[in-house]
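Thanks for making time this morning. I would like to walk you through one structure, and please have the sequence and the 3D view open while I talk.

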Amino acid sequence: MSARVEICGINTSTLPKLSHKESMELLNRVHNGDEKAREEFLMANMRLVLSIVQRFGSKKECVDDIFQVGFIGLIKAMENFDTSLNLRFSTYAVPMIIGEIRRFLRDSNAVRVSRSIRDTAYRVLQTRQQLEADSVSEASLDDIARAMNIPLSEVVYAMDAISDPVSLFDPVYHDGNETVMIMDQISDVKNSDEKWLTGVSISEAMRQLTERERKILMLRFYEGKTQIEVSEEIGISQAQVSRLEKNAIKELKKSMD
């Protein structure tokens, strides 16, 4: 029996689950105008939005507002997903949902820059304009720092502070079929999309386990305790720990297939 977990007033244990094959079949029906399939698909993938919303739980905005924005991202992903590609829907949808939420947070929460830093930035702009008026070449940051008699780091910091923030999921190119985002042009070997998506999948799958199974896995694989140590802490035999551990891993693999 699924554990009862409520997020944004929704009991996640009541949400349906779809296999990859079922998802593709529903999506094809959705793209053919089947409204019932559309409702069923969105309901089945609501858990994906909820899992992402929890990442933004510390934000000041209402969680329900963030959920609604994330749901818009889910709808856009559903409408634009190409079922002919050999790709899981969640792999495509997660970046779109996160991008939608980040744009909402960015637009609703302007970055506050102190008065002194803004004043420095405006003086940097004025100095650059004066230097370029006296020369045919573009003034470098080093030239500006020397003219203002301040460290180069202050010039760089002030200019960065007044620059508009951008999301890694903002598009830089779109030809109607393919969208290239800022994150596509940034290399990060350590924190790849695949690793992050795997982490999201594991977190989602972990919520389907019982509280005892989750605790055993946390003690075994996050705290590095032996089965004997786990059995002593939980108060059950080592054989029971071994059985529950194997069952939990089996369920995780099943949920992530």
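**Aromatic pairs and the surface**

The structure holds 4 aromatic pairs, and I should say at once that we are looking at a predicted model. Let me begin with the pair formed by Phe41 and Phe89, which is edge-to-face, with 4.9 Å from centre to centre and 80° between the planes. Because Phe41 sits in helix α2, residues 35-44, and Phe89 in helix α5, residues 89-108, this pair ties together parts that are 48 residues apart in sequence.

Are these two rings buried or exposed? Phe41 has a relative accessible area of 0% and is buried, and Phe89, at 4% relative accessibility, counts as buried too. Phe89 also pairs with Phe81, and since their ring centres are 5.5 Å apart with the planes at 75°, that pair is edge-to-face as well. Phe81 is likewise buried, and ring pairs link Phe41, Phe81, Phe89 and Tyr92 into a cluster.

Elsewhere, Arg220 lies over the face of Phe221, at 5.5 Å from the ring centre.

Turning to the surface, Leu141, Leu152 and Val156 make a nonpolar patch of about 200 Å². Leu152, which belongs to helix α8, residues 152-161, is partly exposed, with a relative accessible area of 34%.

Finally, for the chain as a whole, there are 12 helices and 4 strands, and 33% of the 257 residues count as buried. The protein chain exposes about 16500 Å², of which carbon and sulfur atoms supply 49%.

Notes: Residues are numbered from 1 along each chain as its sequence is written. This is a predicted model: local features need pLDDT of at least 70, side-chain atom pairs count only at pLDDT 80 or more; totals for chains, interfaces and linings use all residues. Side-chain values use heavy atoms; hydrogens and water are left out. Helices (H or I, at least four residues) and strands (E, at least two) are DSSP runs, numbered from the N terminus. Buried means under 20% relative accessible area, exposed over 50%, partly exposed in between (1.4 Å probe, protein chains only). Accessible areas come from the Shrake-Rupley method with a 1.4 Å probe; for residues, only the protein chains shown count as cover. Patches are made of residues with over 30% relative accessible area and no salt bridge: like charges are joined within 9 Å, nonpolar side chains (Val, Leu, Ile, Met, Phe, Trp, Tyr) within 5 Å. A salt bridge is a side-chain nitrogen of Lys or Arg within 4 Å of a carboxyl oxygen of Asp or Glu. Rings of Phe, Tyr and Trp (its six-membered ring) pair if their centres lie within 6.5 Å; planes under 30 degrees apart count as stacked, over 60 as edge-to-face and the rest as tilted. A charge sits over a ring if NZ of Lys or CZ of Arg is within 6 Å of the ring centre and within 35 degrees of the ring normal.
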